[in-house]
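Let's go through this one by asking what earns each label. Sequence and structure first, then the questions.

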Amino acid sequence: MGKLVGVILVIVVAVAGYMFLQRDTDTAPTKTAKKAAAQPTLSGPVKTFTTTAFYDETGVWYSLKEMRVKKGDTVRIKATNTKGTHDFTLDEFGVKTELPINQEVTIEFQADKVGEFTYYCSKLGHRAKGQFGKLIVE
Ligand SMILES: [Cu+2]
């Protein structure tokens, strides 16, 4: 019995140690990338964009500040967080995706309405410091 407790203790310590090592040195991002529920099938030409998310001494940013597509296009955004804790949020299209550090995350949605929309990072203060951009659907 005492042996079993010892084994469990070793496992708990190992898991805790592993989790600790997996943490990034910044403010530990939440790794709960929200699973899109029942994603409708996407159609239309795919327009692919690539951006990084990061901060520097002048503010907080996405490297890509504008995306222009046609109504009906499938928008594919490959986003990589290279510094800090960020997400990618686009309210009008129901997009809110966490961006774990140094991992390329692919975001896809259909541009099913015309207009100008602002994508931004919803982390406290980031949008105000410059982390947003414009999606133009023509
Ligand atoms: Cu951010």
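Q: Which residues does F88 touch, not counting those up to four places away in sequence?
A: F88 touches I77, A79, V95, T97, L99, I107 and Y119. A contact needs C-beta atoms within 7 Å, so each of these pairs meets that cut-off in the model. Bear in mind that this is a predicted model.

Q: What makes the set around A79, F88 and I107 a nonpolar core?
A: A core takes buried residues of nonpolar types such as Ala, Phe and Ile, joined through C-beta atoms within 7 Å. A79, F88 and I107 have the most contacts inside the largest core, which holds 20 residues. The elements giving two or more residues to this core are β1 (46–56), β2 (59–62), β4 (74–81), β5 (86–90), β6 (95–99), β7 (104–110) and β9.

Q: How do you know which face of β4 is buried?
A: Look at how the side chains alternate: V75, I77, A79 and N81 point to one face and are buried, while T74, R76, K78 and T80 point to the other and are not. Buried takes 20 or more other C-beta atoms within 10 Å, so V75, I77, A79 and N81 reach that count and T74, R76, K78 and T80 fall short of it.

Q: What makes β1 and β4 a pair, and in which sense do they run?
A: Pairing takes at least two bridges, and β1 and β4 have eight, in the parallel sense. For instance, T51 has A79 as its bridge partner in β4, and T52 has T80.

Q: How many bridges join β4 to β7, and are the strands parallel or antiparallel?
A: Seven bridges, antiparallel. With a threshold of at least two, that counts as a pair. One of the bridges puts K78 opposite T106 in β7.

Q: Why are β2 and β7 called edge strands?
A: The open sheet has four strands in the order β2-β1-β4-β7, with mixed pairing. β2 and β7 each have a single partner strand, so one side of each is left without a neighbour in the sheet. Neighbouring strands here are turned by 20° against each other on average, direction ignored.

Q: What makes β9 a partner of both β3 and β8?
A: Bridge counts again. Strand β3 (residues 66–69) runs parallel to β9 and is joined to it by four bridges, with M67 facing L135. Strand β8 (residues 115–120) runs antiparallel to β9, with six bridges, and E116 has I136 as its partner. Both counts pass the minimum of two, so both are pairs.

Q: Which face of β9 is covered?
A: In β9 (residues 132–137), the covered face has G133, L135 and V137, while F132, K134 and I136 are on the uncovered one.

Q: How many helices and strands are there, and in what order?
A: One helix and nine strands, running α-β-β-β-β-β-β-β-β-β from the N terminus.

Q: Where does pLDDT stay under 50?
A: Over residues 24–31, for which the model has 14 contacts beyond four places in sequence. For the chain, the mean pLDDT is 85, and 71% of residues reach 70 or more.

Key: Residues are numbered from 1 along each chain as its sequence is written. This is a predicted model: local features need pLDDT of at least 70, side-chain atom pairs count only at pLDDT 80 or more; totals for chains, interfaces and linings use all residues. A residue is buried if 20 or more other C-beta atoms lie within 10 Å of its own, exposed if 12 or fewer, and partly exposed in between; C-beta atoms are placed from the backbone. Two residues are in contact if their C-beta atoms, placed from the backbone, lie within 7 Å. Axes are lines fitted to C-alpha atoms, for helices over the stretch in contact, and angles run from 0 to 180 degrees between N-to-C directions. pLDDT is the predictor's confidence in each residue, from 0 to 100.
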